[in-house]
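This report goes through a single protein chain, starting from one residue and moving outward to the overall fold. The sequence and coordinates are shown first.

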Amino acid sequence: MQLTISQSGNDTIVGVLSPRLDASVVPQFKAEMTAMINAGAKHIVLDMAEVRMIDSSGLGTLVSILKLLNGQGTIVIRAVTPSVLGLFKLTRMDRVFTIEAAPATS
């Protein structure tokens, strides 16, 4: 699992560079995100433009990361592709997370 991490004001911008957020990569993803939160990151923006597929373990990991913030921070999921957004809507996780769709391409 490869991530890019940068700061923009109070936001920690995390680029997820894997095309899949599934059981094969979530242990490492969760460990890196947990370390980031434990180091003080409170306002996280996940750029998921490269993610084409997410499964239940990926969704569960996102929920776990949100719980780690314990109401003391935020997660915004940015640049979500239509297929990933569809899963968020199907599972109603779009009501739990702030989600920004990927910009339309022409």
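## Surroundings of Phe29

Apart from its neighbours within four places in sequence, Phe29 is in contact with Met1, Leu3, Val16, Leu21, Leu46, Thr61, Leu62 and Ile65. The model is a predicted one. Phe29 is located in helix α1.

Is Phe29 buried or exposed? The relative accessible area of Phe29 is 0%, and the cut-off for a buried residue is under 20%, so Phe29 counts as buried. Ser83 is 54 residues from Phe29 in sequence, and the two C-alpha atoms are 20 Å apart in space.

## The nonpolar core

Which residues touch the most other members of the largest nonpolar core? In this set of 28 residues, they are Leu21, Phe29, Leu46, Met48, Leu62, Ile77 and Phe88. At least two core residues come from each of β2, α1 (26-38), β4 (43-47), α2 (56-68), β6 (74-80) and α3 (82-90). Helix α1 provides the largest share, five residues.

Among the contacts of Phe29 listed above are Leu21, Leu46 and Leu62, and these three residues are also named with Phe29 as core members that touch the most others.

## The aromatic pair

How many aromatic pairs does a search of the whole structure find? The search returns one. The partners are Phe88 and Phe97, in an edge-to-face arrangement with 6.2 Å from centre to centre and 85 degrees between the planes. The angle cut-off for this class is over 60 degrees, so the value of 85 degrees places the pair in it.

Phe88 and Phe97 are both buried. Phe88 is also one of the residues that touch the most other members of the largest nonpolar core.

## The hairpin of β1 and β2

Strands β1 (residues 3-8) and β2 (residues 11-16) run antiparallel and are joined by six bridges. One position in this pairing can be given by residue: Ile5 has Val14 in β2 as its bridge partner. Two residues lie between the strands of the hairpin, and Gly9 has a positive phi near 65 degrees there.

Strand β2 also supplies at least two residues of the largest nonpolar core. Val16, which falls within the range of β2, is in contact with Phe29.

## Ser18 in the following loop

Where does Ser18 lie? Ser18 is in the loop between β2 and β3 (20-21). With a relative accessible area of 11%, Ser18 is under the 20% cut-off and therefore buried.

The side chain of Ser18 comes to 2.7 Å from the backbone oxygen of Arg20. Not counting neighbours within four places in sequence, the contacts of Ser18 are Met1, Gln2, Val25, Glu50 and Val51. Met1 is also among the residues in contact with Phe29.

## Overall fold and dimensions

The protein chain holds three helices and seven strands. Along the sequence their order is β-β-β-α-β-β-α-β-α-β.

The radius of gyration is 13 Å, and for 106 residues a compact globule would come out near 13 Å, so the chain agrees with that expectation. Along the principal axes, the C-alpha atoms fill a box of roughly 35 × 30 × 25 Å. Of the 106 residues, 38% are buried. Taking the contacts between residues at least 6 apart in sequence, 64% join residues at least 24 apart.

Technical notes:
Residues numbered from 1 in each chain as written. Predicted model: local features only at pLDDT ≥ 70, side-chain atom pairs only at ≥ 80, totals over all residues. Heavy atoms only, no water. Pairing = 2+ DSSP bridges. Helix = DSSP H or I, 4+ residues; strand = E, 2+ residues; numbered from the N terminus. Buried < 20%, exposed > 50% of the residue type's maximum accessible area, 1.4 Å probe, protein only. Polar contact = N/O pair within 3.5 Å; in protein donor to acceptor, adjacent residues only side chain to side chain. Contact = heavy atoms within 4.5 Å. Phe/Tyr/Trp six-rings, centres within 6.5 Å; stacked < 30°, edge-to-face > 60°. Core = buried A, V, L, I, M, F, W, Y, C linked by side-chain atoms within 4.5 Å. Rg over C-alpha atoms; globule rule 2.2 N^0.38 Å.
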